Amino acid sequence: ASFVRFIFDETSPALRRFIWFVMWVVCTGYALTNIYNAFNQYFTFETSTKLSYQYGEDGNLSLPAITICNMNKYKKSWLSYPENDMVKRYEEKQVWEKKLGMRVIEITDDIHKKAKAVTMDILQVDGKHSIDNMFQEVKFNEQQLDDQMWYADRLCALKSHLTEKFTELGSCYTFNADGEKKVKRTGANFGASFVININQSEYADTQESAGIKVMLHHHQEPPLIKEFGLAIPPGSNAFISTRTLQMYNLGPPYKNSNCTSKPRSGTGPYNQMACILACHAEILAQECKCQQSHMPLKNVEVCSLYDNEECAEETISRIHKGQFNDRIRDCWCNEACVSTSYSYSLSTADYPAVAAANNILSVAGDPNFQTIEDLKENFIQLHVYFETLAVEKVEKVPSYSVPNLLGDFGGNMGLFIGASVATLAEVVDYVARLVCLVVKK
(Lines give C-alpha, C1' and ligand atoms only; values in the text may rest on other atoms or scores of the structure.)
Protein backbone atom coordinates (compact mmCIF):
# COMPACT_ATOMS: atom_id res chain seq x y z
CA ALA A 1 0.00 0.00 0.00
CA SER A 2 2.89 2.38 0.83
CA PHE A 3 4.45 1.61 -2.56
CA VAL A 4 1.34 2.79 -4.38
CA ARG A 5 1.17 6.06 -2.43
CA PHE A 6 4.79 6.96 -3.21
CA ILE A 7 4.59 5.87 -6.85
CA PHE A 8 1.57 8.08 -7.57
CA ASP A 9 2.63 11.02 -5.40
CA GLU A 10 2.75 13.83 -8.00
CA THR A 11 4.58 16.15 -5.63
CA SER A 12 7.62 13.82 -5.46
CA PRO A 13 10.51 13.96 -7.96
CA ALA A 14 10.29 11.54 -10.90
CA LEU A 15 13.48 9.70 -9.87
CA ARG A 16 12.09 9.01 -6.41
CA ARG A 17 8.83 7.74 -7.88
CA PHE A 18 10.76 5.53 -10.34
CA ILE A 19 12.85 4.01 -7.55
CA TRP A 20 9.68 3.16 -5.59
CA PHE A 21 8.18 1.65 -8.74
CA VAL A 22 11.23 -0.60 -9.25
CA MET A 23 11.08 -1.67 -5.60
CA TRP A 24 7.37 -2.43 -5.98
CA VAL A 25 7.96 -4.56 -9.10
CA VAL A 26 10.82 -6.50 -7.48
CA CYS A 27 9.03 -7.09 -4.16
CA THR A 28 5.73 -7.99 -5.80
CA GLY A 29 7.43 -10.37 -8.23
CA TYR A 30 9.45 -12.01 -5.45
CA ALA A 31 6.34 -12.34 -3.24
CA LEU A 32 4.25 -13.84 -6.06
CA THR A 33 7.05 -16.30 -6.89
CA ASN A 34 7.20 -17.44 -3.26
CA ILE A 35 3.41 -17.69 -3.09
CA TYR A 36 3.38 -19.74 -6.31
CA ASN A 37 6.02 -22.08 -4.88
CA ALA A 38 4.03 -22.42 -1.66
CA PHE A 39 0.84 -23.42 -3.51
CA ASN A 40 2.85 -25.76 -5.74
CA GLN A 41 4.38 -27.44 -2.69
CA TYR A 42 0.98 -27.81 -1.04
CA PHE A 43 -0.61 -29.44 -4.10
CA THR A 44 2.17 -32.05 -4.44
CA PHE A 45 0.60 -33.62 -1.30
CA GLU A 46 3.87 -34.94 0.08
CA THR A 47 3.82 -36.72 3.46
CA SER A 48 6.16 -37.12 6.40
CA THR A 49 6.26 -39.79 9.10
CA LYS A 50 5.76 -38.93 12.76
CA LEU A 51 6.82 -41.41 15.44
CA SER A 52 5.54 -41.25 19.02
CA TYR A 53 4.95 -43.48 22.03
CA GLN A 54 1.80 -43.58 24.10
CA TYR A 55 0.73 -45.60 27.13
CA GLY A 56 -2.72 -47.14 27.41
CA GLU A 57 -5.50 -45.80 29.59
CA ASP A 58 -4.82 -46.35 33.31
CA GLY A 59 -1.59 -48.10 32.33
CA ASN A 60 -3.57 -51.03 30.84
CA LEU A 61 -2.93 -52.46 27.39
CA SER A 62 -5.12 -54.91 25.49
CA LEU A 63 -3.45 -58.24 24.85
CA PRO A 64 -3.49 -59.30 21.18
CA ALA A 65 -5.79 -62.07 20.10
CA ILE A 66 -3.75 -65.31 20.17
CA THR A 67 -4.80 -67.95 17.64
CA ILE A 68 -3.37 -71.46 18.15
CA CYS A 69 -3.70 -74.30 15.65
CA ASN A 70 -2.61 -77.90 15.89
CA MET A 71 -0.70 -78.65 12.70
CA ASN A 72 -2.75 -81.83 12.37
CA LYS A 73 -6.17 -81.01 10.94
CA TYR A 74 -7.97 -84.36 11.42
CA LYS A 75 -7.46 -86.88 14.22
CA LYS A 76 -6.26 -90.32 13.16
CA SER A 77 -8.96 -92.11 15.20
CA TRP A 78 -11.65 -90.03 13.51
CA LEU A 79 -10.27 -90.79 10.04
CA SER A 80 -10.33 -94.50 10.85
CA TYR A 81 -14.15 -94.57 10.92
CA PRO A 82 -15.54 -96.01 7.66
CA GLU A 83 -17.79 -93.00 7.09
CA ASN A 84 -14.73 -90.71 7.19
CA ASP A 85 -12.58 -92.74 4.82
CA MET A 86 -13.45 -90.28 2.04
CA VAL A 87 -11.67 -87.48 3.95
CA LYS A 88 -8.60 -89.67 4.35
CA ARG A 89 -8.60 -90.51 0.64
CA TYR A 90 -8.84 -86.85 -0.37
CA GLU A 91 -6.07 -85.88 2.07
CA GLU A 92 -3.79 -88.59 0.65
CA LYS A 93 -4.63 -87.52 -2.89
CA GLN A 94 -3.79 -83.89 -2.13
CA VAL A 95 -0.47 -84.72 -0.44
CA TRP A 96 0.78 -87.05 -3.16
CA GLU A 97 -0.28 -84.79 -6.01
CA LYS A 98 1.60 -81.87 -4.43
CA LYS A 99 4.71 -84.03 -3.99
CA LEU A 100 4.71 -85.66 -7.42
CA GLY A 101 2.93 -83.03 -9.47
CA MET A 102 0.64 -85.62 -11.03
CA ARG A 103 -2.56 -87.52 -10.28
CA VAL A 104 -1.68 -90.79 -8.56
CA ILE A 105 -4.80 -91.62 -6.51
CA GLU A 106 -8.13 -92.03 -8.22
CA ILE A 107 -11.30 -91.28 -6.26
CA THR A 108 -14.29 -93.50 -7.01
CA ASP A 109 -17.68 -92.14 -8.00
CA ASP A 110 -19.14 -93.47 -4.74
CA ILE A 111 -16.66 -91.41 -2.69
CA HIS A 112 -17.36 -88.37 -4.88
CA LYS A 113 -21.07 -88.75 -4.15
CA LYS A 114 -20.51 -88.93 -0.40
CA ALA A 115 -18.09 -85.97 -0.53
CA LYS A 116 -20.72 -83.78 -2.19
CA ALA A 117 -23.11 -84.34 0.71
CA VAL A 118 -20.97 -82.91 3.54
CA THR A 119 -19.48 -79.43 3.98
CA MET A 120 -15.96 -78.65 5.16
CA ASP A 121 -16.98 -76.79 8.32
CA ILE A 122 -18.79 -79.86 9.66
CA LEU A 123 -15.83 -82.13 8.88
CA GLN A 124 -13.34 -79.75 10.50
CA VAL A 125 -15.40 -79.53 13.69
CA ASP A 126 -15.94 -83.29 13.90
CA GLY A 127 -12.32 -84.24 13.17
CA LYS A 128 -10.55 -81.60 15.26
CA HIS A 129 -8.40 -81.98 18.35
CA SER A 130 -10.84 -81.16 21.16
CA ILE A 131 -10.30 -78.09 23.31
CA ASP A 132 -10.15 -80.03 26.60
CA ASN A 133 -7.62 -82.54 25.29
CA MET A 134 -5.39 -79.99 23.57
CA PHE A 135 -5.22 -77.36 26.34
CA GLN A 136 -3.90 -78.83 29.57
CA GLU A 137 -3.53 -75.48 31.32
CA VAL A 138 -4.52 -71.88 30.56
CA LYS A 139 -3.31 -68.92 32.64
CA PHE A 140 -3.73 -65.17 32.40
CA ASN A 141 -1.97 -62.69 34.69
CA GLU A 142 -0.76 -65.60 36.87
CA GLN A 143 -4.33 -66.84 37.39
CA GLN A 144 -5.25 -70.31 36.17
CA LEU A 145 -8.47 -70.04 34.18
CA ASP A 146 -9.31 -73.74 33.88
CA ASP A 147 -8.72 -74.83 37.49
CA GLN A 148 -11.98 -76.74 37.93
CA MET A 149 -12.58 -80.03 39.72
CA TRP A 150 -15.26 -81.42 37.41
CA TYR A 151 -14.78 -82.11 33.72
CA ALA A 152 -17.92 -80.23 32.65
CA ASP A 153 -16.89 -77.14 34.64
CA ARG A 154 -13.37 -77.21 33.18
CA LEU A 155 -14.76 -77.58 29.64
CA CYS A 156 -17.08 -74.64 30.23
CA ALA A 157 -14.20 -72.54 31.59
CA LEU A 158 -12.02 -73.34 28.57
CA LYS A 159 -14.79 -72.46 26.13
CA SER A 160 -15.39 -69.12 27.88
CA HIS A 161 -11.78 -68.08 27.25
CA LEU A 162 -10.93 -69.87 24.00
CA THR A 163 -13.06 -69.25 20.91
CA GLU A 164 -13.17 -71.82 18.14
CA LYS A 165 -12.21 -70.24 14.83
CA PHE A 166 -11.97 -71.66 11.31
CA THR A 167 -8.66 -71.06 9.52
CA GLU A 168 -6.80 -72.51 6.55
CA LEU A 169 -5.43 -75.11 8.99
CA GLY A 170 -8.89 -76.24 10.04
CA SER A 171 -10.55 -75.64 13.39
CA CYS A 172 -8.31 -73.60 15.72
CA TYR A 173 -8.69 -71.74 19.02
CA THR A 174 -8.34 -68.02 19.77
CA PHE A 175 -7.59 -66.60 23.20
CA ASN A 176 -8.88 -63.04 23.80
CA ALA A 177 -11.08 -63.12 20.70
CA ASP A 178 -13.08 -60.12 21.99
CA GLY A 179 -9.99 -58.02 22.78
CA GLU A 180 -11.12 -57.35 26.36
CA LYS A 181 -8.25 -58.96 28.30
CA LYS A 182 -5.77 -56.31 29.42
CA VAL A 183 -2.45 -56.40 31.22
CA LYS A 184 -0.87 -53.89 33.60
CA ARG A 185 2.68 -55.16 33.69
CA THR A 186 5.32 -56.51 31.33
CA GLY A 187 7.05 -59.88 31.45
CA ALA A 188 6.20 -63.56 31.08
CA ASN A 189 4.28 -63.71 34.39
CA PHE A 190 1.81 -61.03 33.29
CA GLY A 191 0.38 -62.27 30.02
CA ALA A 192 -1.17 -65.49 28.74
CA SER A 193 0.42 -68.91 29.16
CA PHE A 194 -0.66 -72.33 27.94
CA VAL A 195 0.35 -75.95 28.30
CA ILE A 196 -0.64 -77.66 25.06
CA ASN A 197 -0.84 -81.35 24.19
CA ILE A 198 -0.57 -81.85 20.43
CA ASN A 199 -1.29 -85.61 20.84
CA GLN A 200 0.97 -87.02 18.13
CA SER A 201 -0.59 -90.48 18.48
CA GLU A 202 -3.62 -88.92 16.75
CA TYR A 203 -1.66 -87.48 13.83
CA ALA A 204 -2.79 -88.57 10.38
CA ASP A 205 -0.37 -90.51 8.20
CA THR A 206 -0.28 -87.61 5.72
CA GLN A 207 0.85 -85.04 8.32
CA GLU A 208 4.58 -84.41 7.89
CA SER A 209 5.20 -81.73 10.59
CA ALA A 210 4.33 -81.86 14.28
CA GLY A 211 3.62 -78.94 16.58
CA ILE A 212 1.43 -75.86 16.67
CA LYS A 213 1.12 -72.64 14.72
CA VAL A 214 0.58 -69.41 16.65
CA MET A 215 -0.43 -65.98 15.38
CA LEU A 216 -0.80 -62.71 17.28
CA HIS A 217 -3.31 -60.36 15.66
CA HIS A 218 -5.90 -57.68 16.34
CA HIS A 219 -9.14 -59.27 17.51
CA GLN A 220 -11.06 -57.83 14.53
CA GLU A 221 -8.54 -59.20 12.02
CA PRO A 222 -8.85 -62.72 10.58
CA PRO A 223 -5.83 -64.90 11.36
CA LEU A 224 -4.13 -65.90 8.11
CA ILE A 225 -2.16 -68.35 10.18
CA LYS A 226 -1.00 -70.66 7.39
CA GLU A 227 1.04 -67.84 5.83
CA PHE A 228 1.97 -65.73 8.86
CA GLY A 229 1.83 -68.03 11.90
CA LEU A 230 4.84 -69.00 14.02
CA ALA A 231 5.61 -72.73 14.02
CA ILE A 232 6.54 -74.17 17.43
CA PRO A 233 7.67 -77.81 17.75
CA PRO A 234 6.78 -80.18 20.62
CA GLY A 235 9.19 -80.33 23.54
CA SER A 236 9.47 -76.51 23.58
CA ASN A 237 8.95 -73.86 26.23
CA ALA A 238 8.25 -70.91 23.93
CA PHE A 239 8.36 -67.25 24.97
CA ILE A 240 6.80 -64.68 22.63
CA SER A 241 7.41 -61.09 23.70
CA THR A 242 5.40 -58.54 21.75
CA ARG A 243 4.96 -54.81 21.14
CA THR A 244 1.90 -52.94 19.90
CA LEU A 245 2.25 -50.89 16.72
CA GLN A 246 -0.46 -48.52 15.52
CA MET A 247 -0.33 -47.12 11.98
CA TYR A 248 -2.19 -43.98 10.89
CA ASN A 249 -2.23 -43.46 7.13
CA LEU A 250 -3.59 -40.69 4.93
CA GLY A 251 -6.03 -41.20 2.10
CA PRO A 252 -6.13 -39.52 -1.31
CA PRO A 253 -4.93 -37.10 -2.58
CA TYR A 254 -1.74 -37.55 -0.54
CA LYS A 255 1.15 -39.22 -2.37
CA ASN A 256 1.80 -42.91 -1.64
CA SER A 257 -1.01 -42.88 0.94
CA ASN A 258 -3.93 -44.54 -0.79
CA CYS A 259 -5.54 -45.94 2.36
CA THR A 260 -9.18 -46.86 2.89
CA SER A 261 -11.51 -47.35 5.84
CA LYS A 262 -14.64 -48.60 4.07
CA PRO A 263 -15.16 -52.35 4.65
CA ARG A 264 -16.14 -54.77 1.93
CA SER A 265 -19.73 -55.94 2.11
CA GLY A 266 -20.36 -58.29 5.04
CA THR A 267 -16.79 -58.37 6.37
CA GLY A 268 -17.04 -56.11 9.45
CA PRO A 269 -14.58 -53.26 10.20
CA TYR A 270 -12.06 -52.71 7.44
CA ASN A 271 -8.61 -54.21 7.62
CA GLN A 272 -6.38 -55.30 4.79
CA MET A 273 -6.30 -58.99 5.75
CA ALA A 274 -10.11 -59.20 5.88
CA CYS A 275 -10.33 -57.48 2.50
CA ILE A 276 -7.87 -59.90 0.88
CA LEU A 277 -9.73 -62.88 2.37
CA ALA A 278 -13.07 -61.51 1.14
CA CYS A 279 -11.55 -60.95 -2.29
CA HIS A 280 -10.38 -64.57 -2.45
CA ALA A 281 -13.84 -65.67 -1.31
CA GLU A 282 -15.48 -63.70 -4.14
CA ILE A 283 -13.21 -65.38 -6.67
CA LEU A 284 -14.09 -68.80 -5.22
CA ALA A 285 -17.79 -67.92 -5.31
CA GLN A 286 -17.48 -67.13 -9.04
CA GLU A 287 -15.32 -70.13 -9.90
CA CYS A 288 -16.67 -72.80 -7.53
CA LYS A 289 -20.05 -71.45 -6.35
CA CYS A 290 -18.90 -71.75 -2.71
CA GLN A 291 -16.30 -70.49 -0.23
CA GLN A 292 -13.96 -72.18 2.25
CA SER A 293 -14.99 -72.46 5.90
CA HIS A 294 -12.76 -69.60 7.15
CA MET A 295 -14.00 -67.10 4.55
CA PRO A 296 -16.40 -64.29 5.54
CA LEU A 297 -19.00 -63.76 2.81
CA LYS A 298 -22.65 -63.89 3.73
CA ASN A 299 -25.12 -65.72 1.51
CA VAL A 300 -22.36 -67.91 0.03
CA GLU A 301 -22.43 -71.51 1.18
CA VAL A 302 -19.40 -73.37 2.50
CA CYS A 303 -17.79 -75.75 0.02
CA SER A 304 -18.51 -79.44 0.26
CA LEU A 305 -15.56 -81.78 0.59
CA TYR A 306 -15.86 -82.54 -3.13
CA ASP A 307 -16.01 -78.87 -4.21
CA ASN A 308 -13.16 -77.97 -1.86
CA GLU A 309 -10.80 -80.62 -3.21
CA GLU A 310 -11.83 -80.50 -6.86
CA CYS A 311 -12.22 -76.72 -7.26
CA ALA A 312 -11.48 -74.48 -4.26
CA GLU A 313 -7.96 -75.74 -3.45
CA GLU A 314 -6.98 -75.56 -7.12
CA THR A 315 -8.39 -72.02 -7.40
CA ILE A 316 -6.51 -70.86 -4.30
CA SER A 317 -3.33 -72.32 -5.78
CA ARG A 318 -3.97 -70.37 -8.99
CA ILE A 319 -4.54 -67.18 -6.96
CA HIS A 320 -1.17 -67.62 -5.26
CA LYS A 321 0.46 -68.15 -8.66
CA GLY A 322 -0.89 -64.78 -9.82
CA GLN A 323 -3.47 -66.03 -12.31
CA PHE A 324 -6.22 -63.79 -10.87
CA ASN A 325 -4.16 -60.63 -10.34
CA ASP A 326 -6.53 -58.50 -12.44
CA ARG A 327 -9.48 -59.46 -10.26
CA ILE A 328 -7.50 -58.97 -7.06
CA ARG A 329 -6.51 -55.46 -8.20
CA ASP A 330 -10.21 -54.74 -8.69
CA CYS A 331 -10.78 -55.53 -5.00
CA TRP A 332 -8.82 -52.40 -3.97
CA CYS A 333 -7.44 -53.96 -0.79
CA ASN A 334 -5.35 -50.95 0.18
CA GLU A 335 -3.73 -50.51 3.56
CA ALA A 336 -6.13 -49.44 6.32
CA CYS A 337 -6.20 -45.79 7.37
CA VAL A 338 -5.89 -46.98 10.98
CA SER A 339 -4.43 -50.38 11.84
CA THR A 340 -2.97 -52.23 14.82
CA SER A 341 -0.29 -54.88 14.48
CA TYR A 342 2.14 -56.66 16.77
CA SER A 343 5.87 -57.09 16.40
CA TYR A 344 7.33 -59.97 18.37
CA SER A 345 10.41 -61.98 19.17
CA LEU A 346 10.44 -65.72 19.88
CA SER A 347 12.82 -67.62 22.13
CA THR A 348 12.58 -71.27 23.16
CA ALA A 349 13.97 -73.72 25.68
CA ASP A 350 13.57 -77.49 26.06
CA TYR A 351 10.42 -78.63 27.83
CA PRO A 352 10.24 -80.33 30.19
CA ALA A 353 13.61 -80.30 31.95
CA VAL A 354 14.82 -83.79 32.79
CA ALA A 355 14.82 -83.05 36.53
CA ALA A 356 11.18 -81.92 36.47
CA ALA A 357 9.84 -84.63 34.14
CA ASN A 358 9.11 -87.18 36.86
CA ASN A 359 7.14 -84.64 38.90
CA ILE A 360 5.11 -83.67 35.85
CA LEU A 361 4.38 -87.33 35.04
CA SER A 362 3.31 -88.11 38.61
CA VAL A 363 1.01 -85.08 38.81
CA ALA A 364 -0.49 -85.71 35.36
CA GLY A 365 -1.23 -89.37 36.09
CA ASP A 366 -2.08 -89.98 32.42
CA PRO A 367 -1.45 -93.56 31.23
CA ASN A 368 -0.72 -92.23 27.73
CA PHE A 369 2.39 -90.47 29.00
CA GLN A 370 4.83 -92.68 30.86
CA THR A 371 8.26 -91.30 29.99
CA ILE A 372 10.02 -87.99 29.40
CA GLU A 373 10.12 -88.88 25.68
CA ASP A 374 6.31 -89.00 25.70
CA LEU A 375 6.20 -85.49 27.13
CA LYS A 376 8.78 -84.12 24.69
CA GLU A 377 6.91 -85.60 21.72
CA ASN A 378 3.57 -84.10 22.71
CA PHE A 379 3.76 -81.10 25.02
CA ILE A 380 4.44 -77.40 24.42
CA GLN A 381 4.49 -74.63 26.98
CA LEU A 382 3.70 -71.21 25.51
CA HIS A 383 3.95 -67.72 27.04
CA VAL A 384 2.75 -64.53 25.32
CA TYR A 385 3.44 -61.21 27.03
CA PHE A 386 4.29 -57.57 26.43
CA GLU A 387 7.86 -56.40 26.24
CA THR A 388 6.66 -52.84 26.88
CA LEU A 389 3.28 -51.23 27.59
CA ALA A 390 4.12 -48.27 25.35
CA VAL A 391 2.20 -48.23 22.07
CA GLU A 392 4.39 -47.23 19.13
CA LYS A 393 2.38 -44.84 16.93
CA VAL A 394 3.51 -44.24 13.37
CA GLU A 395 1.55 -41.45 11.69
CA LYS A 396 1.73 -40.15 8.17
CA VAL A 397 1.13 -36.39 8.25
CA PRO A 398 1.09 -33.77 5.49
CA SER A 399 4.59 -32.40 4.90
CA TYR A 400 3.02 -29.05 4.03
CA SER A 401 -0.35 -28.33 5.63
CA VAL A 402 -2.96 -25.58 5.21
CA PRO A 403 -1.58 -23.59 8.20
CA ASN A 404 1.87 -23.74 6.56
CA LEU A 405 0.38 -22.46 3.30
CA LEU A 406 -1.50 -19.60 4.98
CA GLY A 407 1.58 -18.66 7.00
CA ASP A 408 3.79 -18.47 3.90
CA PHE A 409 1.13 -16.62 1.93
CA GLY A 410 0.56 -14.02 4.64
CA GLY A 411 4.27 -13.73 5.42
CA ASN A 412 5.20 -12.99 1.81
CA MET A 413 2.33 -10.55 1.32
CA GLY A 414 3.15 -8.67 4.53
CA LEU A 415 6.94 -8.72 4.32
CA PHE A 416 7.41 -7.76 0.66
CA ILE A 417 4.24 -5.87 -0.26
CA GLY A 418 3.00 -4.62 3.10
CA ALA A 419 -0.43 -6.18 2.51
CA SER A 420 -2.60 -7.84 5.15
CA VAL A 421 -6.18 -8.93 5.66
CA ALA A 422 -6.95 -5.37 6.79
CA THR A 423 -5.38 -4.04 3.58
CA LEU A 424 -7.55 -6.35 1.49
CA ALA A 425 -10.62 -5.19 3.42
CA GLU A 426 -9.70 -1.56 2.66
CA VAL A 427 -9.33 -2.36 -1.04
CA VAL A 428 -12.73 -4.06 -1.09
CA ASP A 429 -14.26 -1.10 0.74
CA TYR A 430 -12.67 1.38 -1.70
CA VAL A 431 -13.90 -0.57 -4.74
CA ALA A 432 -17.40 -0.80 -3.27
CA ARG A 433 -17.54 2.93 -2.66
CA LEU A 434 -16.24 3.63 -6.14
CA VAL A 435 -18.95 1.46 -7.67
CA CYS A 436 -21.62 3.24 -5.63
CA LEU A 437 -20.40 6.61 -6.87
CA VAL A 438 -20.45 5.47 -10.47
CA VAL A 439 -23.98 4.06 -10.11
CA LYS A 440 -25.25 7.31 -8.56
CA LYS A 441 -23.88 9.36 -11.41
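The lining of the second largest pocket counts 25 residues, and nearest its centre lie Glu221, Met273, Ser339, Thr340 and Ser341. The model described here is predicted. The volume of this second largest pocket is about 610 Å³. Three elements, β10, α10 (272-288) and β13 (338-350), each give at least two residues to its lining. Of these, β13 supplies the largest share of the lining of the second largest pocket, with six residues. Sorted by class, the lining of the second largest pocket comprises 13 nonpolar, ten polar and two charged residues.

Two of the elements named above lead into loops with cis peptide bonds. The loop between β12 (236-248) and α10 holds Pro253, and a cis peptide bond with omega of about 10° joins Pro252 to Pro253. The loop between β13 and α13 (354-364) contains Pro352. Here the cis bond lies between Tyr351 and Pro352, and its omega is about -10°.

Strand β10 also belongs to a sheet. Five strands make up this open sheet, in the order β6-β7-β3-β10-β11, and their pairing is antiparallel. At its edges stand β6 (162-167) and β11 (230-232), each of which pairs on one side only. Ignoring direction, neighbouring strands in this sheet are turned against each other by 30° on average.

Two of the strand pairs can be set side by side.

| Strand pair | Sense | Bridges | A bridge pair |
|---|---|---|---|
| β6 and β7 | antiparallel | six | Phe166 and Ser171 |
| β10 and β11 | antiparallel | three | Val214 and Leu230 |

At one edge of the sheet, β6 and β7 are connected by a hairpin of two residues. The two strands pair in the antiparallel sense over six bridges, and Phe166 has Ser171 in β7 as its bridge partner. At the other edge, β10 (residues 212-217) pairs with β11 in the antiparallel sense over three bridges. There, Val214 is bridged to Leu230 of β11. Past β7, the loop between β7 and β8 (182-183) includes Asn176. This residue is not a glycine, yet its phi is positive, near 65°.

What volume of space lies in the largest cavity? The value is about 70 Å³, and the structure holds one cavity of 30 Å³ or more. Thirteen residues line the largest cavity, and Asn70, Asn72, Lys73, His129 and Ser171 are the closest to its centre. Ser171 is thus named twice, once in this lining and once as the bridge partner of Phe166. Two strands of the sheet, β3 (65-70) and β7 (170-175), are the elements that contribute two or more residues to the lining of the largest cavity. The greatest contribution to that lining is made by β7, with four residues. By class, the lining of the largest cavity has five nonpolar, six polar and two charged residues.

The remaining topic is a helix pair. How are α2 and α15 oriented, parallel or antiparallel? Helix α2 (residues 14-42) packs with helix α15 (residues 402-417) at an angle of about 175°, and the two axes are 9 Å apart. Angles over 145 degrees count as roughly antiparallel, so α2 is roughly antiparallel to α15. On the side of α2, the contact is made by Cys27, Thr28, Tyr30, Ala31, Asn34, Ile35, Ala38, Phe39 and Tyr42. On the side of α15, it is made by Val402, Leu405, Asp408, Phe409, Asn412, Met413, Phe416 and Ile417. Taken by class, the residues of the contact between α2 and α15 are 13 nonpolar, three polar and one charged.

Technical notes
Residues numbered from 1 in each chain as written. Predicted model: local features only at pLDDT ≥ 70, side-chain atom pairs only at ≥ 80, totals over all residues. Heavy atoms only, no water. Axes fitted to C-alpha atoms, helices over the stretch in contact; angles between N-to-C directions. Parallel < 35°, antiparallel > 145°, perpendicular 65-115°, else oblique. Contact = heavy atoms within 4.5 Å. Nonpolar A, V, L, I, M, F, W, Y, C, P; charged D, E, K, R; others polar. 1 Å grid on protein atoms, 1.4 Å probe; cavity = no way out; pocket = protein on both sides within 12 Å on 5 of 7 lines; lining within 4 Å. Points joined across faces, edges and corners; volume = space filled by probe spheres on them. Pairing = 2+ DSSP bridges.
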